[in-house]
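Me: I have a few "how do you know" questions about this one, mostly about pockets and contacts. Can we go through them?

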Amino acid sequence: MYQQLPRPTIFAHRGSKNHAPENTLAAFKLALAQGAPAIELDVKLTADGEIVVFHDRTLDRTTGGTGRLQDQTLASLKALDAGFHFSPAFKGEPIPTLAEVFEAVGRQVFINIELTNYASPKDQLPDKVAELIIKFDLQDGVMFSSFNRYALQRAKQLLPAVPLGLLALPGIIGAPARGWLGRQWVAYQALHPALVDATPGLISKAHQRGHRVHVYTVNKREDMLRLFQHGVDGIFTDDPPLAFDVLRQMGK
Ligand code: G3P
Ligand code: MG
């Protein structure tokens, strides 16, 4: 499926994040309804070793809970409301497991799974996610991304056919990942730079090496237009309808 993705690929970031509560089934289903060929989501392990879809280290910003997600069991996380903070219209929307997302949309949309075990970089997350991908037979419908090279290295060992995207932090701190060192860490298929670093030079160098460039997080019309004109392979956006509008305007 990676080979067949339309380019530039519009990845609905955490689902259609501007239009529904991030990283919920509602956001992923809306992204699909809006025509996104791909979604991005963040995965983490609960205290009892289950894989949930959630961005922050702590529960406070997007749910009614407090404290670190990794200290909670799946059962206690399932009791939380991950929709109300976005809008009362989404009251009761739960934190999904990765299995629930695979079940709901796994065969209909390409999924960029960001391995966000940044607090415990060598934990079991890649192993457990790989096991679930095999169980759902979704090797052809997903890719991994991470700022954590250990997670990507492990994912490559487990599922060598699944593409990898190396995320690079913005600015000077992300320079090693974007350069020679990043290519030694892991043989990735795609570089995922921040918007501020997605220059025409970076894009053309990556292309010369046979890498795709997927840029995060692109929410402004002028940035989308510029990146598409520079031949970027994909963007992560909170606003997929805006990206489709820009593509239409360009006649794509
Ligand atoms: O994968 C692109 C983007 O999701 C990386 O940053 O913090 O939104 O997960 P973040
Ligand atoms: Mg992410």
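What follows is a short back-and-forth on the ligand, the spaces and two backbone oddities.

Reply: Ground rules first: this is a predicted model, where local features need pLDDT of at least 70, side-chain atom pairs count only at pLDDT 80 or more, and totals for chains, interfaces and linings use all residues. Residues are numbered from 1 along each chain as its sequence is written, chains are lettered from A and ligands numbered from 1 in the order written, and side-chain values use heavy atoms, with hydrogens and water left out.

Me: What makes a residue count as being around ligand 1, and which ones are they?

Reply: A residue is near a molecule if one of its heavy atoms lies within 4 Å of it. His13, Arg14, Glu40, Asp42, His55, Glu114, Leu167, Tyr216 and Phe236 make the list. That shell has three nonpolar, two polar and four charged residues. Here Ala, Val, Leu, Ile, Met, Phe, Trp, Tyr, Cys and Pro are nonpolar, Asp, Glu, Lys and Arg charged, and the others, Gly among them, polar.

Me: Why is the pairing of ligand 1 with glutamate 40 called a polar contact?

Reply: The cut-off is a pair of N or O atoms within 3.5 Å. An oxygen atom of ligand 1 is 2.6 Å from a side-chain N or O atom of glutamate 40, so the pair qualifies. Histidine 55 has such a side-chain atom 2.7 Å from a ligand 1 oxygen, and for glutamate 114 the distance is 2.7 Å. The protein covers 88% of the 290 Å² of accessible area that ligand 1 has on its own (Shrake-Rupley, 1.4 Å probe).

Me: How do you know where ligand 1 sits?

Reply: A molecule sits in a pocket if more than half of its atoms lie within 2 Å of the pocket's grid points. Ligand 1 passes that test for the largest pocket. A pocket is an open set on a 1 Å grid over the protein atoms alone, with protein on both sides within 12 Å along at least five of seven lines, and lining residues have an atom within 4 Å of a point.

Me: What lines the largest pocket?

Reply: It holds about 470 Å³ of space. Of its 26 lining residues, Lys44, His55, Glu114, Thr116 and Tyr118 are closest to the centre. Strand E2 (38-45) gives the largest share, four residues.

Me: What makes a space a cavity, and how many are there of 30 Å³ or more?

Reply: In a cavity a 1.4 Å probe fits but cannot get out. There is one, with a volume of about 80 Å³. Glu22, Asn23, Phe54, Thr62 and Ala82 lie nearest its centre, among 13 lining residues.

Me: What makes the backbone at proline 8 and arginine 14 worth a mention?

Reply: Most residues other than glycine have a negative phi, and most peptide bonds are trans. Arginine 7 and proline 8 are joined by a cis bond, with omega about 0°. Arginine 14 is not a glycine, yet has a positive phi of about 55°.

How values were computed:
A polar contact is a pair of N or O atoms within 3.5 Å; within protein, one must be able to donate a hydrogen and the other to accept it, and residues adjacent in sequence count only if both atoms are side-chain atoms. Grid points are joined across faces, edges and corners, and a volume is the space filled by probe spheres set on the points. Helices (H or I, at least four residues) and strands (E, at least two) are DSSP runs, numbered from the N terminus.
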